[in-house]
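Student: I would like to go through this model with you, asking at each step how a term is justified.

Tutor: Then let us take the ligand shell to begin with, and the sheet after that.

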Amino acid sequence: PQDDDGGSVVLERRTQKTKPPQMYQVVMLNDDYTPMEFVVVVIQEFFNKDRETATQIMLKIHLDGKGVCGVYSRDVAASKVEQVQAAARQAGHPLQCVSEPAE
Ligand code: TYC
């Protein structure tokens, strides 16, 4: 009679349940006033780069107008932008930094 229990069939999940989170790149922008040395120190401090790598990134920004300093989860990327902006403001430099979805 009407005693169907709704079934006990277990469907195999063949697709990934969760996708990896969207990552965000922190992009630093060139300007005419922020000293190169300040940018190098900021990249070393906040993006954990060695001096040589930080210098290469700074020069790329200087020549191309912008450059990626690192790629992080959304919250970490936003926090990096805040830290860079706070340090630049405190030092009186116009250095700008934004985060944007990677890929
Ligand atoms: N263009 C700056 C100068 O010549 C140096 C600089 C590099 C500034 C990178 C900002 O994100 C920047 N002093």
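Student: How many nonpolar, polar and charged residues does the shell around the ligand have, by class?

Tutor: Bearing in mind that this is a predicted model, the shell around the ligand has seven nonpolar, three polar and one charged residues. Among the residues that surround the ligand are Met28, Leu29, Asn30, Asp31, Thr34 and His62. Asp counts as charged, so Asp31, which belongs to the shell, falls into that class.

Student: What makes the approach of the ligand to Leu29 a polar contact?

Tutor: The cut-off is a pair of N or O atoms within 3.5 Å. An oxygen atom of the ligand is 2.8 Å from a polar backbone atom of Leu29, so this pair meets the definition of a polar contact. A nitrogen atom of the ligand lies 2.7 Å from a polar backbone atom of Asp31, and for Thr34 the distance from a ligand nitrogen to a polar backbone atom is 2.9 Å, so these pairs qualify under the 3.5 Å limit as well. Of the 350 Å² of accessible area that the ligand has on its own, the protein covers 89%.

Student: Which elements give two or more residues to the shell around the ligand?

Tutor: They are β1 (24–29), α1 (36–47) and α2 (51–64), and the element that gives the most is α2, with three residues.

Student: How do you know that β1 and β3 are paired strands?

Tutor: Pairing requires at least two bridges between two strands. Six bridges join β1 to β3, so the requirement is met, and these two strands run antiparallel. Within this pair, Tyr24 has Pro101 of β3 as its bridge partner.

Student: Why are β2 and β3 called edge strands?

Tutor: The open sheet has three strands in the order β2-β1-β3, with antiparallel pairing. Both β2 (66–72) and β3 (96–101) are edge strands, since each pairs on one side only. Neighbouring strands of this sheet are turned by 30° against each other on average, direction ignored. Helix α3 (residues 74–91) packs on the sheet, where it touches β1, β2 and β3, and its direction makes about 170° with that of β3.

Conventions:
Residues are numbered from 1 along each chain as its sequence is written. This is a predicted model: local features need pLDDT of at least 70, side-chain atom pairs count only at pLDDT 80 or more; totals for chains, interfaces and linings use all residues. Side-chain values use heavy atoms; hydrogens and water are left out. A residue is near a molecule or strand if one of its heavy atoms lies within 4 Å of it. A polar contact is a pair of N or O atoms within 3.5 Å; within protein, one must be able to donate a hydrogen and the other to accept it, and residues adjacent in sequence count only if both atoms are side-chain atoms. Accessible areas come from the Shrake-Rupley method with a 1.4 Å probe; for residues, only the protein chains shown count as cover. Helices (H or I, at least four residues) and strands (E, at least two) are DSSP runs, numbered from the N terminus. Axes are lines fitted to C-alpha atoms, for helices over the stretch in contact, and angles run from 0 to 180 degrees between N-to-C directions. Contact means heavy atoms within 4.5 Å.
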